[in-house]
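Student: I'd like to go through this one with you, question by question. Can we put the structure up and start with a helix?

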Amino acid sequence: MPAISLSPPARFLLRGSVLLAALLTLWWLVLINPLQSLLQAAAATGGAWLFSGSSELTITDAANGDWAFEVPIEPVVPPTPPGAAPQQIYSIGFDLARADAGGFTFGLPVFWALMLAAPELRRNWRSLITGTFVMALLEVVLLLLTVKILAYKSLAQVLHSHDPVGGWFLRCGEYLAVNAIPYLLPFAVAIVLHRELREQMFQWAAPIAASAPPARNGNRVAGRGSQRRIAVKRN
Amino acid sequence: MPSNPVPVPTKWRRALPQAHFALLFALCFILGIGLVLLPPGQKIDQDFSRLLVRISRTVIGIWGGAAAVEGAILRAPGGFAVEMRDGCNGINVMVLLWAAILAFPASWKLKAYGLAAGTLAIQLLNVARFISLFYIGQYSAAWFEFAHGYLWETLLILDTMVIFWLWVGRVSRSGALRHAGN
């Protein structure tokens, strides 16, 4: 029976789809709770650096499982009605649905699936480990960024702000932080760290190979990666 | 015969077109999402969702299923309903592909081809996704959340990545790939 030969994109799609389904199911059934606990602890620690004020960032579990945030933020609320004394706010509290918090942990299995589906795993196991740490760090940063955006959004509601430009920026920031970046992050990290995948996908390597330094036999050889077999004879 | 030495690009010079692409891509993507979130963009977004829900209902009908449409809501005879909103219409993935294609060095003709063919491929897959979610939701709410929030979203991005990869391959084969270093 003749072997089926798939093009690199088709092979990556097939392997990636199967691995994504398998690893995301594993994450959903087994890993989600431990990863969320780790994320919560890391965010509480990291929040102490990002948020400054007389109070500290606190994250607690609400009765329904949602995450309850108390974010230090200290604006002066203008007096309403005019003439009354202005008020000082020290912190803002809001809840983040547990499902939304889970969105900041699923990047890890997605990243693993992409790295395992990409070519030349043996040469990229270091990238797999490095990427896992990078992903974990970026997920915490992203969660803290989202918390900051949500805090300012809550503040805008408290202040009854009708600034359309500021509102649009907050909405855009929230959309990117919650609905776009968590999904794109593992793909971006995989492309940045996995050289063969990047070179195959973007096909920027071909002219680089042709201009690589000559070898002793007079041929020009490219560096590592999928282009290393390319040799251009110069007369 | 002596040959002219081929200039050897430095590491930074080699990285320049990639950095240029990454910056332009990020700019196009953020701009695209920003436009979608403006009131006119939201109107188009909602109308597009309604259109996709009607198409999904038609496809379900062709395959012998039953569903009713109310605006952007698809309702099963048993009472389960699913609404297409907040990026469920694949518009964010389309913005992603458009940003990647527009940022990549290629001719406008090839870019137009990539935008049209890629959008069509994404939306075919998105209709399949929406219909599958319609049936998964009738089976289990928990698995609906998993498939809706995580699995299908990442599969759509993976497909978008591969669509872009295939398009770059076509650009490369046509000899229209422009390199910043050339």
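Tutor: Sure. H3(B) is mostly covered, with ten of its 13 residues buried; a residue is buried if 20 or more other C-beta atoms lie within 10 Å of its own, exposed if 12 or fewer, and partly exposed in between, with C-beta atoms placed from the backbone. Helices (H or I, at least four residues) and strands (E, at least two) are DSSP runs, numbered from the N terminus. Keep in mind that this is a predicted model, where local features need pLDDT of at least 70, side-chain atom pairs count only at pLDDT 80 or more, and totals for chains, interfaces and linings use all residues. Residues are numbered from 1 along each chain as its sequence is written, while chains are lettered from A and ligands numbered from 1 in the order in which they are written.

Student: What span is expected for helix H3 of chain B at 1.5 Å a residue?

Tutor: The expected span is 1.5 Å times one less than the number of residues. Helix H3 of chain B covers residues 91–103, and its first and last C-alpha atoms are 18 Å apart. That is close to the expected value, 18 Å.

Student: Is Gly169(B) buried or partly exposed?

Tutor: Look for Gly169(B) in helix H5 of chain B. From Leu96(B) it is 73 residues away in sequence and 18 Å away in space, C-alpha to C-alpha. Because Gly169(B) has 16 C-beta neighbours inside 10 Å, it counts as partly exposed.

Student: Which helix gives the most to the largest nonpolar core?

Tutor: A nonpolar core is a set of buried Ala, Val, Leu, Ile, Met, Phe, Trp, Tyr and Cys residues joined through C-beta atoms within 7 Å. The largest one has 89 residues, and those with the most contacts inside it include Leu143(A), Leu97(B) and Phe164(B). Its top contributor, with 15 residues, is helix H5 (residues 141–173) of chain B.

Student: Which residues does Leu143(A) touch, leaving out those up to four places away in sequence?

Tutor: Contact here means that the C-beta atoms of two residues, placed from the backbone, lie within 7 Å. With that exclusion, the partners of Leu143(A) are Leu39(A), Ala43(A) and Phe104(A).

Student: Why is one side of strand E1 and of strand E3 of chain B left without a neighbour in the sheet?

Tutor: Two strands pair if DSSP finds at least two bridges between them. In chain B, three strands make an open antiparallel sheet in the order E1-E2-E3. E1 (68–70) and E3 (81–83) of chain B stand at the edges, so one side of each stays free because each has a single partner strand.

Student: Which residue stands opposite Val69(B) in E2(B)?

Tutor: E1(B) and strand E2 (residues 73–75) of chain B run antiparallel and are joined by three bridges. Opposite Val69(B), in E2(B), you'll find Leu74(B).

Student: Over in chain A, at about what angle does helix H4 run to E5(A)?

Tutor: Chain A has an open antiparallel sheet of three strands, ordered E1-E2-E5. Its edge strands are E1 (58–61) and E5 (91–96) of chain A, each pairing on one side only. Angles run from 0 to 180 degrees between N-to-C directions, with axes fitted to C-alpha atoms, for helices over the stretch in contact. Helix H4 (residues 125–158) of chain A lies across E2 and E5 of chain A, and its angle to E5(A) is about 115 degrees.
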